[in-house]
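Q: Could you take a close look at one part of this model for me? I'd like to go through the sheet and whatever packs on it.

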Amino acid sequence: MIESICLPKQFTIAEADEMIPLLDRITAQHEVAIEHALADQRFLIKSGAPGTEIEKCTQRVTEHQTAWGRKLFKLGLMVFSGGFVGFDTGAFYLSWRYGDGPKILYYHGLGESPVYRRHIQQTLLNAGQKT
């Protein structure tokens, strides 16, 4: 079966803000599953379990990370390493990461890493001071 490909859509900040509760729920669900897999892995390592059993936990983590990314991609979002999510505006990405809060606070350029994201409010304040 061929999976349909959803290309990223373009979002306004209001549309992105409306999606945050959904992203929080999806991400929290996968975070819990990943934490359980990592706890299992730590236990297996401490108990001297075979490497194949430890590797199964690593595989569970990878599966949850992949499933999380696919869910967000189907919503039209870009998923970046480090758990960053991008809402394409056509000119830049509105940037979100689990724990950022209920509103979009950051953005970064289309060709930039989200590691270099900037605070929206601070950027607007600085732009206002230059005029």
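A: Here's a walk along the sheet, strand by strand, and then over to the helix beside it. Keep in mind that this is a predicted model.

The sheet is open and has five strands in the order β1-β2-β3-β4-β5, paired in the antiparallel sense. Its edges are β1 (78-79) and β5 (118-119), each of which has a pairing partner on one side only. As a bit of background, strands of a sheet pair through backbone hydrogen bonds, and that pairing can be parallel or antiparallel.

Moving inward, β2 (residues 84-88) and β3 (residues 92-97) run antiparallel and are joined by five bridges. If you want a spot to zoom in on, Val 85 stands opposite Trp 96 in β3. On its way to the next strand, β3 is linked by four bridges to β4 (residues 106-109), again antiparallel; here Ser 95 sits opposite Tyr 106 in β4. Tyr 106 also stands opposite His 119 in β5, where β4 and β5 pair antiparallel over two bridges.

Now for the helix. α1 (residues 13-46) packs on the sheet and touches β2 and β3, with its direction at about 30 degrees to that of β3. One residue to pick out in helix α1 is His 30. Its relative accessible area is 6%, so His 30 counts as buried, the cut-off being under 20%. Setting aside neighbours within four places in sequence, His 30 is in contact with His 64, Ala 67, Trp 68 and Lys 71.

Conventions. Residues are numbered from 1 along each chain as its sequence is written. This is a predicted model: local features need pLDDT of at least 70, side-chain atom pairs count only at pLDDT 80 or more; totals for chains, interfaces and linings use all residues. Side-chain values use heavy atoms; hydrogens and water are left out. Two strands pair if DSSP finds at least two bridges between them. Contact means heavy atoms within 4.5 Å. Axes are lines fitted to C-alpha atoms, for helices over the stretch in contact, and angles run from 0 to 180 degrees between N-to-C directions. Buried means under 20% relative accessible area, exposed over 50%, partly exposed in between (1.4 Å probe, protein chains only).
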